Amino acid sequence: MAMAVMRDEAAAAVFELSTGVHGSAVVRAAVQLGLPDAVGDEPTTLAALASASGARPDTLRRFLSLLTTFGIFAEVAGNRYEHTPASRALRSDAPDGPAHVIRLGGDWNWILWGLLAHSVRSGECAFQAHYGMDIFSFFAQDQKAAEAFHRGLAIVARREDPLVADALSVKGGECVVELAGGSGSLLRAVLERHPYVTGVLVETEQALATLDPALRQAPLASRFRALPGDCHVRAPGGDVYLIKQTLHMWDDETCVRVLANCRRAAPPGARVVVVEQLLSDGPAERRGRLMDLHMLLVAGGKERTEQEFAELFQRAGLVFAGVRGQAGDLRLIEGETPES
Ligand SMILES: C[S@@+](CC[C@H](N)C(=O)[O-])C[C@H]1O[C@@H](n2cnc3c(N)ncnc32)[C@H](O)[C@@H]1O
């Protein structure tokens with residue numbers, strides 16, 4: 001590879017960075033082929049892996065050799081492969097479920113990052129440019145892609161939602177409305193912590209197809225209602241509105257519309273709690289900046305600073321209250337409906 005002859009350290013380092021695409025492709029293909037699930041507790045033969053993955057044995061052998069160089073599987077005598085910690089972590093039943101999160105992005109995630117220069121040049125959402133529709137219209141037409149997306153999100157949410165629910169203060173008797181709450185794991189965590197609170201989840205039909213079953217069963221079902229609907233158009237009445245990691249998918253105008261829908265539906269003094277990672281005004285931090293561009297590519301959205309959120313709340317006619325809680329990297333950014 002060209003890097004071997006590069007004398008300049010900066011050139012070699014930046015070239016190395018450019019090859020990150022290889023690692024990403026390799027892990028993704030291993031998951032797509034189902035290899036981590038196909039290897040059991042005992043070493044598994046190449047023939048068995050070829051049959052489980054539907055791959056040609058000759059190309060699969062070459063691919064497995066490459067995988068072993070990344071520490072994903074180890075080759076043992078007799079053309080057999082066994083798990084390493086990395087390949088085990090990629091199994092569908094692994095506790096943290098990275099395989100589900102890798103599948104979340106389907107083909108579209110891969111395609112969209114290839115269009116980064118286009119989106120930077122034009123400011124255009126890459127998904128819309130490539131598919132000719134927004135991502136949620138795409139999911140309405142492709143149930144399999146929608147399921148993979150919501151399953152992956154639910155794995156991430158399972159880790160963060162209990163922290164968000166712990167950081168959220170609600171009073172008995174209040175109705176908590178969650179807009180765009182995915183499979184409902186945050187609302188579930190809130191209802192479990194507050195036995196006298198009711199909950200309404202406003203979501204798309206595709207997301208509600210993946211609803212957390214606990215919300216349909218006792219003891220939560222009697223306090224929970226799923227409401228298929230479009231939060232761009234209206235919100236139901238409630239005392240506390242939750243919108244988690246969703247406003248970053250949308251441009252400012254759409255966010256203002258969603259926040260204003262809450263204001264119109266709620267009584268004076270109701271709270272709107274936006275849960276997002278905040279961009280700092282200080283030096284750039286890579287994770288936040290990557291997510292910022294990811295949002296541009298996927299949905300035309302962006303990550304925001306606290307000041308930018310304050311402006312959205314004010315434009316929607318809400319009284320901005322600032323950051324009132326923290327859950328890991330996420331902040332609970334609050335506003336209230338005005339008294340009159
Ligand atoms: C990035 S996900 C966040 C899901 C969840 N809040 C979480 O933190 O895991 C955005 C969610 O918005 C939902 N959504 C998109 N457009 C919507 C709309 N117009 N009305 C209601 N929900 C919508 C999607 O189905 C998806 O579950």
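Two residues count as in contact here if their C-beta atoms, placed from the backbone, lie within 7 Å. Keep that cut-off in mind for the helix pairs on this tour. The model is predicted.

**Stop 1: H12 and H13**

Select helix H12, residues 143-167, and helix H13, residues 185-193. Their axes lie 8 Å apart, and the packing angle is about 35 degrees. The crossing of H12 past H13 is right-handed. Now show side chains. From H12, pick Ala 154, Ala 157, Arg 158, Asp 161, Pro 162, Val 164 and Ala 165. Facing them in the contact are Ser 185, Leu 186, Ala 189, Val 190 and Arg 193 of H13. Colour this contact by class: eight residues are nonpolar, one is polar and three are charged.

**Stop 2: the ligand shell**

Keep H12 on screen and centre on the ligand. How many residues surround the ligand? The shell has 17. Label the closest: Ala 180, Gly 182, Ala 207, Cys 231 and Gln 245. Which elements give two or more residues to this shell? They are H12 and strand E5, residues 198-203. Colour the shell by class next. Eight of its residues are nonpolar, six are polar and three are charged.

**Stop 3: a cis peptide bond**

Go to the loop between helix H14 (205-208) and strand E6 (224-228), where Pro 219 is found. Zoom in on the peptide bond from Ala 218 to Pro 219. Is this bond cis or trans? The bond is cis, and omega is near 5 degrees.

**Stop 4: H15 and H17**

Select residues 252-265 for helix H15 and residues 306-315 for helix H17. The two pack with their axes 8 Å apart, at an angle of about 55 degrees. Therefore H15 is oblique to H17. Their crossing is right-handed. On the H15 side, show Asp 252, Cys 255, Val 256 and Leu 259. They meet Leu 312, Phe 313 and Arg 315 in H17. This contact has five nonpolar residues, two charged ones and no polar ones.

**Stop 5: H4 and H5**

Move to helix H4, residues 46-53, and helix H5, residues 57-69. The H4 and H5 axes come within 10 Å and cross at roughly 105 degrees. An angle of 65 to 115 degrees counts as roughly perpendicular, so H4 is roughly perpendicular to H5. Show Leu 46, Ala 47, Leu 49, Ala 50 and Ser 53 on H4. Their partners on H5 are Pro 57, Leu 60 and Arg 61. By class, the H4 contact with H5 has six nonpolar residues, one polar and one charged.

**Stop 6: Phe 73**

Follow the chain from H5 into the loop that leads to strand E2, residues 74-76. Phe 73 is found in this loop. Check the backbone there: phi of Phe 73 is near 75 degrees. That is a positive value in a residue other than glycine.

**Stop 7: the annotated spans**

Zoom out and colour by record. UniProt, in an unreviewed entry, lists "domain: O-methyltransferase dimerisation" at residues 16-90. In the model, that span is 61% helix and 11% strand. The C-alpha atoms at its two ends lie 24 Å apart.

Then colour residues 113-317. UniProt places "domain: O-methyltransferase C-terminal" there, also in an unreviewed entry. Residues 113-317 are 47% helix and 14% strand. Draw a distance between the end C-alpha atoms of this span: they lie 36 Å apart.

Technical notes
Residues are numbered from 1 along each chain as its sequence is written. This is a predicted model: local features need pLDDT of at least 70, side-chain atom pairs count only at pLDDT 80 or more; totals for chains, interfaces and linings use all residues. A residue is near a molecule or strand if its C-beta atom, placed from the backbone, lies within 6 Å of it. Helices (H or I, at least four residues) and strands (E, at least two) are DSSP runs, numbered from the N terminus. Ala, Val, Leu, Ile, Met, Phe, Trp, Tyr, Cys and Pro count as nonpolar, Asp, Glu, Lys and Arg as charged, and the others, Gly among them, as polar. Axes are lines fitted to C-alpha atoms, for helices over the stretch in contact, and angles run from 0 to 180 degrees between N-to-C directions. Angles under 35 degrees count as roughly parallel, over 145 as roughly antiparallel, 65 to 115 as roughly perpendicular and the rest as oblique. A crossing is left-handed if the near helix is turned anticlockwise from the far one by less than a right angle, and right-handed if clockwise. UniProt positions are given in the numbering used here, feature names are shortened, and annotations may be inferred rather than shown by experiment.
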